[in-house]
Amino acid sequence: MHRRLSADDSAFQQRLREYFTTTFPQDLRDKVGAGEKLGPEDIRRSQAALAEAGLATPGWPTEWGGQDWTALQKHIWNTELQAAGVPPPLPFNASMVGPVIATFGSQELKQRFLPKTATAEIWWCQGFSEPGAGSDLASLRTTAVRDGDVYVVNGQKTWTTLAQHADWMFALVRTDPAAPKKQAGISFLLLDMRSEGVTVRPIRTLDGGQEVNEVFFDNVRVPADQLVGEENKGWDYAKFLLGNERVGVANTGLVKRWLVELKEHARQVRLGDGTLLDDPGTAARFADLESRLMALELTVVRVSGTSEDGRPNPASSILKLCGSQLQQEVLELAVDISGPMGLVWDELDSVPAWAARSVPTYLNYRKATIYGGSSEVQRGIVAATILGLKG
C-alpha cells in the first residue's frame, strides 16, 4: 500500500481540513485545544454543525445523511477531524446505534430516530454492560417480558457512559431466559430514559469525574415497536455494533495530535543543557510510538468499512487491541514528561495546564483496554478467527 494520496484524495483531504479549521465553530475547537471539558450543549452544537455540513455520519446510508466515501476517505475524515481538535460525533449515535437502526431497523424506526440521531437532537447511551456481565456480555440478566404491546424491563446496567445526559438508551435485554445458549434469547431494545422506573446513579471514577453511571430498571414499560429487528436476534446486532465500535476506537488522528502536543511539552521541560526532547531515551520512546501509529493507520484503512451482512471483520479486534494499548502508552509518556508537575491537579496556577491534566487523563484512559471488549477478549477473537487456533 502506498502512503501517498491520489490527487482526488488529496483534494478531498484539503476540503475537509479547510472546513474543520475555518468554518467549524472556533470556540469549540479552542475548548478542545485548551483541554477543557465540553458541556452537553457544546457537544450537541458540535454534532449539529457537522450534520449540517454532511460530516456527522459519513458511514451511514446516503439516504439518511451518509456519504458514499471509500474506506480511505472515511479514515481521512476521522484523522483530519481529530487533528483539528474538532469534537467527534457522539459515538453512541454515529457509530453504534445509528448503523444498527439503519441496517436492521424497520422503516418506521429509521424515520423516527435517524434524523434526530444524526444531529444529536436525540442523545443515546449504551445499555450493554451489567454487574457480572461486562466482557462476558452474553451473561446479561436484564429481562424484557412481553405484555401485550409493551415489554416490561427489569434489571440493571453499569458503566453507562454519559447516561446522565442521554435522552434514549439502546439496550440488550433477555427476552428468552430458556434459550439453549446464553448468546441466544437476547433482544435489542430502544428505551426512553424519561420512562417511569428508570433511575440513573452516577459513579465517581479514579480521575475524579462522573462520566459513567449505574442505570436501574423497575418495571419499565417499553412499547414493543421499539424493538430493533427480530426478537432474540440482539446478539447478532450487538456483534455488528461492536465491530463498528472497535474500528473507531483506534483514534489514530487523536493519538497523532497527542504526540505533536507532547513533543512541544517536552521542549518546555529543561534537562541539563537542553530539553527533555533531547534526551535519547525520550526520543526513542517517541520514535517507537510514531512507528507503531503509522502501522496502525495502515491497518485502519484496510479494515474500515469491511463489515458485511452484519459480520464485522475480525481484524477490527486487532485495531481495538493495538489502538487502546497505544493510547495508554502515549498517556504514560505524557505523565513522565510532566514529572512532579503532574502531581498538581487543583492549584492550576502553579503548573502548566497540560501538566495538571496529564495524570487525570492517564487515569481516565485506563478504561480503554476494557470498553468495547477487553484486551483479553480481543486476543481470544484474534486467536480463534484469524489464527484459527482452538482452545
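Biologist: Hello! Which helix does D9 lie in?

Modeller: This is a predicted model: local features need pLDDT of at least 70, side-chain atom pairs count only at pLDDT 80 or more, and totals for chains, interfaces and linings use all residues. Residues are numbered from 1 along each chain as its sequence is written, and side-chain values use heavy atoms, with hydrogens and water left out. Helices (H or I, at least four residues) and strands (E, at least two) are DSSP runs numbered from the N terminus. Residues 7–23 form one such helix, and D9 lies in this one, α1.

Biologist: How far from D9 is the nearest side chain of opposite charge?

Modeller: D9 is buried, a label for under 20% relative accessible area (exposed is over 50%, partly exposed in between; 1.4 Å probe, protein chains only). Lys and Arg count as positive and Asp and Glu as negative, while His and the chain ends are not counted. D9 has no salt bridge, that is, no side-chain nitrogen of Lys or Arg within 4 Å of a carboxyl oxygen of Asp or Glu. The nearest side chain of opposite charge belongs to R15, at 7.7 Å.

Biologist: And which residues is D9 in contact with, leaving aside neighbours within four places in sequence?

Modeller: Contact here means heavy atoms within 4.5 Å. With those sequence neighbours set aside, D9 is in contact with L72, Q73 and I76.

Biologist: Nice. Which residues are linked with R44 in a network of salt bridges?

Modeller: In helix α3 (residues 40–52), R44 and E41 sit three residues apart, about one turn, and their side chains meet at 3.8 Å, N to O. R44 also pairs with D167 at 3.2 Å, N to O; this pair joins distant parts of the chain, 123 residues apart, with D167 in the loop between β3 and β4. By relative accessibility R44 is buried at 17%, D167 is partly exposed at 22%, and E41 is exposed at 55%. So R44 shares its network with E41 and D167.

Biologist: In that same stretch, is W159 buried or exposed?

Modeller: W159 is found in the loop between β3 (150–157) and β4 (168–174), where its phi is near 60°, a positive value in a residue other than glycine. L162 lies in the loop between β3 and β4, has phi near 60°, and counts as buried at 17% relative accessibility. W159 has a relative accessible area of 53%, so the label is exposed.

Biologist: How many residues does the largest nonpolar core have?

Modeller: A nonpolar core is a set of buried Ala, Val, Leu, Ile, Met, Phe, Trp, Tyr and Cys residues joined through side-chain atoms within 4.5 Å. In the largest one, the residues with the most contacts inside it are W124, F170, F188, L190 and M193. A second, separate core of 26 residues includes V255, L276, V330 and A334. The number of residues in the largest core is 56.

Biologist: Last one: what is the radius of gyration of the protein chain?

Modeller: The chain has 12 helices and 10 strands. The globule rule (2.2 Å times the number of residues to the power 0.38, with the radius taken over C-alpha atoms) gives 21 Å for 391 residues, and the chain comes close to this, so it is as compact as a globular protein of that length. Along its principal axes the C-alpha trace spans about 75 × 50 × 50 Å. The radius of gyration is 22 Å.
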